[in-house]
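Got your viewer open? Set the protein to cartoon view, keep the selection box handy, and let's take a walk through it.

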Amino acid sequence: MKSLTLGVLAVALMLAASFTYASAGKVKGVIGSVTEQSLQVMSKEAGTKQVRTDNNTSYMKWITHKPLGQDTRLDNKSLLVGRCVDVELRATDAGLAKVVRISDEPAGALFDPCKGDR
């Protein structure tokens, strides 16, 4: 019984560590401000984070429901205050965005991925 408890505890710790590692390279929330080289992302969980962008940052439409086959190409002009974003950070620089996924769902809508952060 003791070894079973230790085994369950070990698995739980490994899952918790992998979740922390996986979420460390991402920032999700609502855009608070935008400049040419950065954006401020606000969420209830993580607070306010400043994320830099550069010429290598990719921008994509964040599709949360059907139709799934829509064009996902966007650019930095789609970064608007109040929009929900999911930012994947670079492995080499945790403050620099690799990919910014931008939701086009209205604030508070059924499929708004940031409904809890507003």
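Start by selecting Ser103 and showing its side chain. Ser103 has 0% relative accessibility, so it counts as buried. Keep in mind that you're looking at a predicted model. Where along the chain does Ser103 sit? Ser103 belongs to strand β6.

Now show what surrounds it. If you skip the neighbours within four places in sequence, Ser103 is in contact with Trp62, Arg83, Cys84 and Pro113. Add Glu105 to your view too: the side chain of Ser103 reaches the backbone nitrogen of Glu105 at 3.1 Å. We'll come back to a couple of these contacts.

**Zoom out: the whole fold**

Hide the side chains for a moment and look at the cartoon. You should be able to pick out 1 helix and 6 strands. Trace the chain from its start and you'll meet them in the pattern α-β-β-β-β-β-β. How many of the residues are buried like Ser103? Of the 118 residues in the protein, 29% count as buried.

If you switch on the surface, you'll be looking at about 7800 Å² of accessible area, with 60% of it belonging to carbon and sulfur atoms. The chain also folds back on itself: among contacts between residues at least 6 apart in sequence, 52% join residues at least 24 apart.

**The sheet, strand by strand**

Next, colour the strands. The 6 strands make an open sheet, and across it the order reads β3-β2-β1-β5-β6-β4, with mixed pairing. Which strands stand at the edges? Select 47–52 for β3 and 58–62 for β4: each has a single partner strand, so one side of each is left without a neighbour in the sheet. Rotate the view and watch how the strands cross: neighbouring ones are turned by 40° against each other on average, ignoring direction.

Here's a general tip for when you put side chains back on. In a regular strand, the side chains alternate between the two faces of the sheet.

**Back to β6**

Select residues 97–103, which make up β6. Of the 7 residues in this strand, 5 are buried, so β6 is largely enclosed by the rest of the structure.

Look at the β4 side. β4 and β6 pair in the parallel sense, over 5 bridges. Two of the residue pairings are worth labelling. Trp62 stands opposite our friend Ser103 in β6, and Lys61 has Ile102 as its bridge partner in β6.

Now look at the β5 side. β5 and β6 run antiparallel, and 5 bridges join them. Label Asp86 here, and you'll find it opposite Arg101 in β6.

**A side trip from Lys61**

Stay with Lys61 and add Gln70. Is Gln70 buried or partly exposed? Gln70 has a relative accessible area of 28%, which makes it partly exposed. It lies in the loop between β4 and β5. The side chains of Gln70 and Lys61 make a polar contact at 3.1 Å. Leaving out neighbours within four places in sequence, Gln70 is in contact with Lys61, Ile63 and His65.

**The disulfide**

Select the cysteines Cys84 and Cys114. A disulfide joins them, with 1.9 Å from S to S. Searching the whole structure turns up 1 disulfide. Why does this link tie together distant parts of the sequence? Cys84 lies in strand β5 (residues 84–89) and Cys114 in the segment after β6, so the pair ties together parts that are 30 residues apart in sequence.

Zoom in on the S-S bond itself. The torsion about it is about 60°, so this disulfide is right-handed. Both ends are tucked away: Cys84 is buried at 2% relative accessible area, and Cys114 is buried at 1%. You've met Cys84 before, as one of the residues in contact with Ser103.

**Last stop: Asp117**

Finally, move along to Asp117, in the segment after β6. Its relative accessibility is 18%, so Asp117 counts as buried. Now add Lys44. These two are 73 residues apart along the chain, yet their C-alpha atoms are separated by 5.4 Å. The side chain of Asp117 reaches the backbone nitrogen of Lys44 at 3.1 Å.

Which other residues does Asp117 touch? Not counting residues up to four places away in sequence, its contacts include Lys28, Gly29, Val30, Met42, Ser43 and Glu45. Show them together with Lys44 and you have the surroundings of Asp117 on screen.

Methods. Residues numbered from 1 in each chain as written. Predicted model: local features only at pLDDT ≥ 70, side-chain atom pairs only at ≥ 80, totals over all residues. Heavy atoms only, no water. Helix = DSSP H or I, 4+ residues; strand = E, 2+ residues; numbered from the N terminus. Buried < 20%, exposed > 50% of the residue type's maximum accessible area, 1.4 Å probe, protein only. Contact = heavy atoms within 4.5 Å. Areas by Shrake-Rupley, 256 points an atom, 1.4 Å probe, with all protein chains shown as cover. Pairing = 2+ DSSP bridges. Axes fitted to C-alpha atoms, helices over the stretch in contact; angles between N-to-C directions. Disulfide = S-S within 2.5 Å. Polar contact = N/O pair within 3.5 Å; in protein donor to acceptor, adjacent residues only side chain to side chain.
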